[in-house]
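I opened my notebook to look at how parts of a protein meet, and what sits around its ligand. Here is the structure I had in front of me.

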Amino acid sequence: MDKVKGIDPIDVQCYVNQIIAKVEFLNPNEPEFLQAVKEVIRSIIPVLVKNPIYLKQAVLDKLVEPERMILFMVPWVDDEGNTKVNRGFRVQYNSAIGPYKGGLRFHPSVNGSVLKFLGFQQVIKNALTSQPIGGGTGGSDFDPEGKSDAEILRFCQSFMAELSRHIGPYKDVPSGDIGVGTREIRYLFSEYKKIRGTYEASVLTVKAVGYGGSFGRKEATGYGIVYFVEEMLKNRRMSFNKKTVVVSGSGNVAIYAMEKAIELGAIVVACSDSSGYIYDPRGLKLDTITRLKEFENKKISDYVLAHPEAIFVEGSTGIWSIPCDIALPCATQNEINSVAASQLISNGVKAIGEGANMPSTIAAIDLFLENNVLIAPYKAANAGGVSVTALEMAKHSKSLVWKREEVDSKLQEIMKDIYQTCKETSEAYDCPGNLMVGANIAGFLKVADAMIARKVSTG
Ligand code: NAP
C-alpha cells in the first residue's frame with residue numbers, strides 16, 4: 001500500500017482496489033485464488049473503515065501472500081515398472097494463530113491457484129473455529145482414479161519423502177481432502193514415521209482410530225455441515241424434518257452429510273460423483289452408496305444395478321436441476337454457477353449448505369442473497385472437520401482418548417458457536433442474516449488481531 005489517508009470509505013475502497021489489482025498482477029491465470037481473495041475482501045470493507053490500524057500495518061497486504069509455498073517433484077513407479085513424475089506442493093499460508101493446518105488433495109486439477117485458494121480460505125476458517133491453528137494446504141496433481149493399491153502406496157511414500165522435511169506437530173499438520181482419505185493418510189503416516197524414526201501421532205490428522213485417530217473425525221465435516229444448517233433453519237422456524245435434500249459428491253463429506261440429514265428426518269433424493277448423478281424421489285439408500293463409494297471404490301452409476309427404481313444421469317452438473325428444499329454441494333469448487341443457482345431458486349430451494357470449499361461462484365452467491373435463500377458459507381459450515389482435528393491435536397498432547405459421543409457433542413457445541421459468531425458478526429456490521437459476510441469478518445478479525453499483536457514481519 002502506498003499511502004493511508006485516513007478512514008474515509010473512499011480511501012478504503014481505493015486501497016482494496018489496489019490490493020485486488022496487485023493480486024491480479026502477481027498471480028496471473030490463478031482464477032480460484034483471485035475469487036477466494038475477492039470474496040473475502042468485499043466482505044471486510046466495513047471492518048477496514050472502522051479500523052485504520054489494519055491498513056497501517058498492511059494486514060491485508062500480508063494476507064494475500066502465502067508465507068511459504070513449496071513445490072517438489074514426486075517420482076514413483078507404476079505396476080508395469082515405468083517411472084512417472086508428478087508435482088507435489090505444500091502451501092504454508094499463515095501461522096499467526098498457530099501451526100499451519102489444512103488438507104492434502106490428490107487430483108489432476110491441483111495447481112498453484114487451487115492450493116493458494118484452499119490455503120487462504122483455510123486461514124480464515126481455522127481462525128473462526130477459535131482453535132490455535134494457522135492455515136495451510138497441499139497436495140499433488142496425481143490422479144488416484146484407476147490406480148492400484150500398490151501404486152497409491154508407492155506414490156504416497158515418494159510424496160512423503162519430500163513433505164516430511166517441511167511438516168511436524170508444532171509446525172505444519174496436514175490432513176485429508178479430495179483423493180486423500182484414511183488409506184492415504186495411513187500410507188503417509190507410516191512413511192513419515194519410518195523417515196523420522198519417531199511416533200509423532202499428531203503430525204497427520206484423519207488417521208484411523210487404532211493408531212492415534214479420533215472417533216468421529218471422519219464424520220465430523222459432514223455432520224458439522226448439517227448441524228450448522230439446522231441452526232440456520234431454526235432461525236426461520238424450519239428444520240431438516242421431511243425436507244427434500246440434494247447432495248453433490250459421494251465422498252467423505254457428502255456421505256456423512258447425507259447420514260446426518262437422514263437421521264434428522266430429511267429425504268435425500270440425489271447425489272453424484274465425477275461421472276454423473278443418481279436420483280430417486282422416494283429417497284436414496286445410503287447403505288448402498290457407502291458400500292459402493294467408501295468400501296468398493298466403484299462409480300455411483302452402479303447404484304442403479306442394486307436399485308433399478310432409481311435413475312442415473314451422466315454428467316454431474318445437471319444435479320442442480322432437481323427440485324429440492326435444501327442443497328448441500330459437497331463435491332468441489334465452483335460447482336454451482338449462476339445457471340445452477342437460477343434453477344435451484346426457480347425450483348423453490350430454501351437453503352444452501354456449502355460442504356465443499358468455495359462450491360458457489362460469486363454470481364451464484366449474489367443470486368441466492370437477492371432471492372432470500374439461506375446460505376451456510378463453507379468457511380463456517382465445513383469447519384467441523386478441522387475443529388475435531390484441533391481437538392485430536394490437543395488430545396494427543398495430553399494422551400487422552402475421547403468417546404464417539406463426547407466428540408459428537410463437542411462438535412455440535414462448536415458448530416452452534418460458529419453459527420452464533422457468524423450471525424452476531426453479520427448483525428454488528430449491518431448485514432443481518434448474511435452469514436458469509438459474518439464468517440469472513442469474524443475469521444479475518446481473529447487473524448488480523450493476531451498478526452498485529454505479534455508485530456512480526458510475516459504473520
Ligand atoms: P472425497 O472423499 O475425495 O470426495 C469427493 C467427491 O466429490 C467424490 O464423490 C468425487 O467423485 C466427487 N467429485 C469430485 N469432483 C467432482 C466434480 N467435478 N463433479 C462432481 N463430483 C465430483 O473428498 P471430500 O473429502 O469429501 O471433499 C469434498 C469437498 O469438501 C472438497 O471441496 C474439500 O475441499 C471439502 N472439504 C473436505 C473436508 C474433509 O474433512 N474431508 C473438510 C472441509 C472441506 P469421484 O468419486 O468420482 O472422484
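**A bridge between domains**

I started with one pair: the side chains of Glu 145 and Lys 299 meet in a salt bridge, at 3.4 Å from N to O. The term stands for a side-chain nitrogen of Lys or Arg within 4 Å of a carboxyl oxygen of Asp or Glu.

I noted that this is a predicted model, where local features need pLDDT of at least 70 and side-chain atom pairs count only at pLDDT 80 or more, while totals for chains, interfaces and linings use all residues. Residues are numbered from 1 along each chain as its sequence is written, and side-chain values use heavy atoms, with hydrogens and water left out.

**The domains**

I looked up the bounds next: domain 1 is 9–64, domain 2 is 68–204 and domain 3 is 219–372. Such bounds come from an automatic or database domain assignment.

Between domain 2 and domain 3 I found a count of one salt bridge. I also saw that nine residues of domain 2 are in contact (heavy atoms within 4.5 Å) with seven residues of domain 3.

**Around the ligand**

Which residues are closest to the ligand? I read that 23 residues surround the ligand (a heavy atom within 4 Å), and the closest are Asp 177, Thr 221, Ser 274, Lys 299 and Asn 357.

I was pleased to meet Lys 299 again: one of its polar side-chain atoms lies 2.4 Å from an oxygen atom of the ligand. For Asp 177, a polar side-chain atom lies 2.6 Å from a ligand oxygen atom. Ser 316 has a polar side-chain atom 3.0 Å from a nitrogen atom of the ligand.

Terms used:
Polar contact = N/O pair within 3.5 Å; in protein donor to acceptor, adjacent residues only side chain to side chain.
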